[in-house]
Amino acid sequence: MNDKAFPNGTVCDGLEYDWTEDVREYHLPRGLGFKVGGHGDEQVLVIQVHYSDVSRFDESFRDRTGVKITFTRERTPKLAGLISLGAYGVIPPGHLVNIESQCVVHLPEDTTLRIASYMVHTHDLGLVVTDYRVRDGVWTEIGQRCPQLPKELVPTDVTLQDGDIVVLRCLFYNDRDHEVKIGMTHQDEMCITRLLYYDENGHFLPSFDCDTLSPSDYATRTSR
């Protein structure tokens, strides 16, 4: 796979939910829901499944993987969204490395988002993932978690306003004899956080893009 296909910096997308098989079921807070259908761009709900082992897949194998979804035609009091943050870089062999990205939050005037929970994700080399909000030079921790624990949404309570900076920082230790890059396969690494949010005023704000503040290929600090 061509490394140039993955631009360096921060990534935001339209992901609405993420789950792995070792995680407890998750229920949104009461009165909170995702918007699908109606008037707007959110017309299609796509379910994607990632497999770590497909050796059993043949013509006789039946896969019953799925997701149970509860829906209502009545608008919930508050509508949720999920911001997906990612950082890219390379982890040299035998090194302890911080890889991070920073993005500016762009919101309508007088809008406040409340982060209700967060989820972190790396592969085998990840030690700690930490997210921060930077407002007027003051750093506030959104959440910190070992990515080797079950991948689940963890409650938090931090607000975001227009102009805030969100920092994603992943700490890795590469005990292998070759460098490992951030990429899309299990042989690569990942540095990802999902932030589940809602507008305190009940308005619908779909997932939005973030502008990276890091012009370099990747921001790292390394030590042996």
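How many of the 10 residues of β5 are buried? In this predicted model, the count comes to 9, so to speak of β5 as mostly covered is fair.

The setting of β5 is an open sheet of 5 strands. Reading across, the order runs β1-β2-β11-β5-β8, and the pairing is mixed. At the edges sit β1 (32-33) and β8 (154-161); each has a single partner strand, so one side of each goes without a neighbour in the sheet. Strands of a sheet pair through backbone hydrogen bonds, either parallel or antiparallel.

Strand β5 (residues 112-121) has β11 (residues 192-199) as an antiparallel partner, and 8 bridges join the two. Along this pairing, Ser-117 faces Leu-196 of β11, while His-121 has Ile-192 as its bridge partner in that strand. With β8, β5 again pairs in the antiparallel sense, here over 6 bridges. In that pairing Ile-115 stands opposite Val-158.

Turning to another strand, Arg-145 belongs to β7 (residues 138-145). Despite the charged side chain one might look for outside, the residue has a relative accessibility of 16%, and because the cut-off for buried is under 20%, Arg-145 counts as buried. A polar atom of the Arg-145 side chain lies 3.0 Å from the backbone oxygen of Pro-150. Leaving aside residues up to four places away in sequence, Arg-145 touches Tyr-118, Val-120, Val-128, Val-129, Pro-150, Glu-152 and Val-154. Pro-150 thus turns up twice around Arg-145, in the polar pair and among the residues touched.

Note on methods
Residues numbered from 1 in each chain as written. Predicted model: local features only at pLDDT ≥ 70, side-chain atom pairs only at ≥ 80, totals over all residues. Heavy atoms only, no water. Pairing = 2+ DSSP bridges. Helix = DSSP H or I, 4+ residues; strand = E, 2+ residues; numbered from the N terminus. Buried < 20%, exposed > 50% of the residue type's maximum accessible area, 1.4 Å probe, protein only. Polar contact = N/O pair within 3.5 Å; in protein donor to acceptor, adjacent residues only side chain to side chain. Contact = heavy atoms within 4.5 Å.
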